[in-house]
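Trainee: Please take one part of this chain and go through it closely. I am new to it and would like the connections spelled out.

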Amino acid sequence: MYAGERCRWGKRLLIPTALPTPPAPSHHSPRRYPRRVRRHAPVGGTGPEAAGKMTKGILSPDDYYYRRLYTDAVRAVAAARSHPLVDAGRIVVSGGSQGGGMALAAAGLVPDLTAALVDVPFMTHIRRAVEITDADPYGEVARFCAGRRDLVDQVLATLDHFDGLNFAVRAGAPALFSTALRDAITPTSCGFAAYNHYAGDKDLKVWAFNGHEGGGVHQQAEQIAFLRGLLG
């Protein structure tokens with residue numbers, strides 16, 4: 001996920017905005033240093049950011065990291081549909097946590113999906129999430145805003161573009177959601193918000209005594225039964 005490439009001695013040069021200068025080789029060392037390292041464009045823009053992915057390019061919707069991630073989700077569906085062994089009319093998107101957020105985004109952006117399985121979804125009701133939990137990854141946004149008070153409105157405006165609630169209202173595929181009442185990473189109220197905004201036929205499983213792990217294999221059994229009812 002970082003810009004850069006592996007050097008001959010197996011370490012990675014990280015090039016977020018500029019190329020670091022490698023140490024000068026010693027005549028006692030047999031190591032050979034690369035003469036040239038190919039530069040890569042930084043992932044998610046070049047503005048200020050906190051550690052992690054949540055604030056990469058966060059000052060502009062055009063540069064934000066999740067724009068690329070959601071694009072990957074849409075293109076993954078297109079790639080699956082193009083495969084000769086796949087029935088293009090029976091495509092299901094599924095994921096948990098960040099994968100749940102990507103499944104929700106794909107459901108809102110890709111027409112004619114068969115179903116969406118969205119577990120403990122991340123990136124939903126983001127404004128509320130960054131206010132009520134300190135757990136990462138939402139905590140990355142909180143720490144960034146704590147240090148850059150002047151950019152809070154700009155940060156939240158960018159996040160609004162990628163909030164799963166905006167994709168939920170566009171989605172039409174039948175969906176099975178899950179949320180867990182003791183989840184500190186993707187707060188329960190944010191999962192409920194995604195479910196309530198979802199425009200297609202939907203069902204929700206609530207796991208009262210679980211955290212971010214959600215329903216585990218029990219949720220998988222619910223998903224199998226759900227898909228069997230749709231696909232026969």
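Mentor: D112 has a relative accessibility of 66%, and the cut-off for exposed is over 50%, so D112 counts as exposed. The model is a predicted one, and what follows describes that model. D112 sits in the loop that runs between α2 (98–109) and β2. Its phi is near 65°, which is positive although the residue is not glycine. Most residues other than glycine have a negative phi, and most peptide bonds are trans.

A second residue with this feature lies in the loop between β2 and α3, namely V120. V120 is likewise not a glycine, and its phi is positive, near 30°. The surroundings of V120 are another matter: its relative accessibility is 6%, and buried means under 20%, so V120 counts as buried.

Between these two loops runs β2 itself, residues 115–119, which is parallel to β1 and joined to it by five bridges. Within this pair, V93 is placed opposite A116 of β2. Both strands belong to an open sheet of four strands, ordered β1-β2-β3-β4 and paired in parallel. At its edges are β1 (92–96) and β4 (202–207), each with a pairing on one side only. On average, and ignoring direction, neighbouring strands in the sheet are turned by 10° against each other. In a regular strand, side chains alternate between the two faces of the sheet.

At the other end of the strand order, β3 (residues 175–180) is paired with β4 through six bridges, again in the parallel sense. Here T179 faces V206 of β4. To get from β3 to β4 the chain passes through helix α7 (residues 188–197), and this β-α-β crossover is right-handed.

F177 falls within the residue range of β3. Beyond its neighbours within four places in sequence, F177 touches L104, V118, A194, Y195, Y198, D203, L204, K205 and Q219. F177 is also one of the residues with the most contacts inside the largest nonpolar core, a list that includes M54, Y66, M123, L159 and Y198 as well. That core has 49 residues. Separate from it is another core, of five residues, including A115, L117, F226 and L227. In soluble globular proteins, nonpolar side chains tend to be buried together.

Further along from V120 comes another loop, between α3 and α4, and P137 lies in it. The peptide bond leading from D136 to P137 is cis, with omega near 10°. Helix α4 then covers residues 138–147, and its buried residues are Y138, G139, E140, V141, F144 and C145. These buried residues pack against two helices, α3 (126–132) and α5 (152–161).

The axes of α4 and α5 come within 9 Å of each other, crossing at roughly 155°. Angles over 145 degrees count as roughly antiparallel, and the two helices are therefore roughly antiparallel to each other. On the α4 side the contact is made by V141, F144 and C145, and on the α5 side by V152, V155 and L159. L159 is a name to recognise, as it was among the residues with the most contacts inside the largest nonpolar core.

Conventions
Residues are numbered from 1 along each chain as its sequence is written. This is a predicted model: local features need pLDDT of at least 70, side-chain atom pairs count only at pLDDT 80 or more; totals for chains, interfaces and linings use all residues. Side-chain values use heavy atoms; hydrogens and water are left out. A nonpolar core is a set of buried Ala, Val, Leu, Ile, Met, Phe, Trp, Tyr and Cys residues joined through side-chain atoms within 4.5 Å. Buried means under 20% relative accessible area, exposed over 50%, partly exposed in between (1.4 Å probe, protein chains only). Contact means heavy atoms within 4.5 Å. Two strands pair if DSSP finds at least two bridges between them. Axes are lines fitted to C-alpha atoms, for helices over the stretch in contact, and angles run from 0 to 180 degrees between N-to-C directions. A crossover is right-handed if, with the strands pointing away from the viewer, the path from the first strand over the helix to the second runs clockwise. Angles under 35 degrees count as roughly parallel, over 145 as roughly antiparallel, 65 to 115 as roughly perpendicular and the rest as oblique.
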